[in-house]
Amino acid sequence: MRFSDDAIVITGGSGGMGEAMARRLLADGARVALVDVNEEALNSALARLGVESSQAVGLVADTTNEESMKRAMSEVAATFGSATGLITAAGIRQTAALFHEIDLDRWDLINKVNVMGTLVAIRVCREQLISTKGSVVTVASVTAGGARWAQSSYAVSKASVSHLTKQVALELSPHGVRVNCLCPGVTNTPMIAEAAKTDGPGVLEAKVNGSLEQFRPGIPLGRLAEPEEQAAAAAFLLSSDASFITGIDLYVDGGVSMIG
Ligand SMILES: NC(=O)c1ccc[n+]([C@@H]2O[C@H](COP(=O)([O-])OP(=O)(O)OC[C@H]3O[C@@H](n4cnc5c(N)ncnc54)[C@H](O)[C@@H]3O)[C@@H](O)[C@H]2O)c1
């Protein structure tokens, strides 16, 4: 029960990773606030979590809309008291497109949600986190550290999330607030099920077939991650077990980053 009495906010809380993170933190004693733009998915995730509203709440907000995020954080404070932790898991993917063909409005949207949305989420939580000496985990991707075919806007956005994490970690360090970046490899969630239809490694040979299996050969451990494995790493970074760790990237990728 290492998060006993903690109040932890998860953006993208109704996504595959967000829900697994919520389940893990609840099991460790936390109260969780799931923040997501998708109200229907939020209600379904809360129903699957199956806990009392005193343990988990869902708040509809768009991380790129600072006013809606401020309202969500006021609700968190009124319901649970000041947040002791934040995970920024809200994000959107890119459909495969070469850099010279990518639609610039789509480029803007991906970077807006993935980068600016992360910035906004952290800054609306800033005062609450300072008051609790809390901790933040951002969610980038294994693509933060290396290029991926036809994924320029997503990879650039995730490299930005990694760097933003260090900027924010530095500026929050005088307040005792730690900020670290989780870099997941391919993980079995709705996002990757969608990506499998258009964006797998087979995109080079036009052999994308919708199967998650297509991602497996490039992963040294020979399989995709389960969202619970990302949740375990996020829980570690949030917890006092990581009390002297700030500004790092933690790759949870089955070994992909070790081979470049
Ligand atoms: N699944 C993977 O293989 C993988 C790998 C590396 C990184 N990631 C990253 O992990 C994070 C979680 O991904 P996932 O696989 O759970 O995806 P997902 O699509 O299942 O969940 C993402 C959630 O974010 C929400 N969201 C999107 N835009 C939002 C906004 N502006 N405001 C609030 N909520 C918003 C969506 O409604 C959705 O519930 C994302 O940032 C993703 O880029 C995923």
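Me: In this predicted model, which element gives the largest share of the shell around the ligand?
Reply: The elements that give two or more residues to that shell are helix H1 (16-27), helix H5 (152-172) and helix H6 (190-198). Among these, the largest share is three residues, and the element that supplies it is H6.

Me: How many residues surround the ligand, and how many of the shell are charged?
Reply: The ligand is surrounded by 29 residues, the closest being Met-17, Asp-36, Tyr-154, Thr-187 and Thr-189. By class, the shell holds 15 nonpolar and 11 polar residues, and the number of charged residues is three.

Me: What is the distance from a polar side-chain atom of Asp-36 to an oxygen atom of the ligand?
Reply: Backbone atoms also approach the ligand: an N or O atom of Gly-15 lies 3.3 Å from a ligand oxygen, and one of Met-17 lies 2.8 Å from a ligand oxygen. For Asp-36, the atom concerned is a polar one of the side chain, and its distance from an oxygen atom of the ligand is 2.6 Å.

Me: What percentage of the area that the ligand exposes when taken alone does the protein bury?
Reply: Taken alone, the ligand exposes 830 Å². The part of this area that the protein buries is 90%.

Me: What is the volume of the second largest pocket?
Reply: This pocket is lined by 16 residues, and those nearest its centre are Thr-84, Lys-133, Ser-135, Arg-178 and Leu-238. The lining comprises three nonpolar, nine polar and four charged residues. The space within the pocket is about 230 Å³.

Me: Is Phe-80 buried or exposed?
Reply: Phe-80 is found in helix H3, residues 66-80. Its C-alpha atom is separated by 9.0 Å from that of Asp-5, which is 75 residues away along the chain. The relative accessibility of Phe-80 is 9%, and a value under 20% counts as buried, so Phe-80 is buried.

Me: Is Asp-5 buried or exposed?
Reply: Asp-5 lies in the segment before strand S1 (7-11). Although not a glycine, Asp-5 has a positive phi of about 75 degrees. Its relative accessible area is 64%, and the cut-off is over 50%, so Asp-5 is exposed.

Me: What is the approximate phi of Ala-150?
Reply: Ala-150 lies in the loop between strand S5 (135-139) and H5. With a relative accessible area of 11%, Ala-150 is buried. Most residues other than glycine have a negative phi. In Ala-150, however, phi is positive, with a value near 60 degrees.

Technical notes
Residues are numbered from 1 along each chain as its sequence is written. This is a predicted model: local features need pLDDT of at least 70, side-chain atom pairs count only at pLDDT 80 or more; totals for chains, interfaces and linings use all residues. Side-chain values use heavy atoms; hydrogens and water are left out. A residue is near a molecule or strand if one of its heavy atoms lies within 4 Å of it. A polar contact is a pair of N or O atoms within 3.5 Å; within protein, one must be able to donate a hydrogen and the other to accept it, and residues adjacent in sequence count only if both atoms are side-chain atoms. Accessible areas come from the Shrake-Rupley method with a 1.4 Å probe; for residues, only the protein chains shown count as cover. Helices (H or I, at least four residues) and strands (E, at least two) are DSSP runs, numbered from the N terminus. Ala, Val, Leu, Ile, Met, Phe, Trp, Tyr, Cys and Pro count as nonpolar, Asp, Glu, Lys and Arg as charged, and the others, Gly among them, as polar. On a 1 Å grid over the protein atoms alone, a cavity is a set of points where a 1.4 Å probe fits but cannot get out, and a pocket is an open set with protein on both sides within 12 Å along at least five of seven lines; lining residues have an atom within 4 Å of a point. Grid points are joined across faces, edges and corners, and a volume is the space filled by probe spheres set on the points. Buried means under 20% relative accessible area, exposed over 50%, partly exposed in between (1.4 Å probe, protein chains only).
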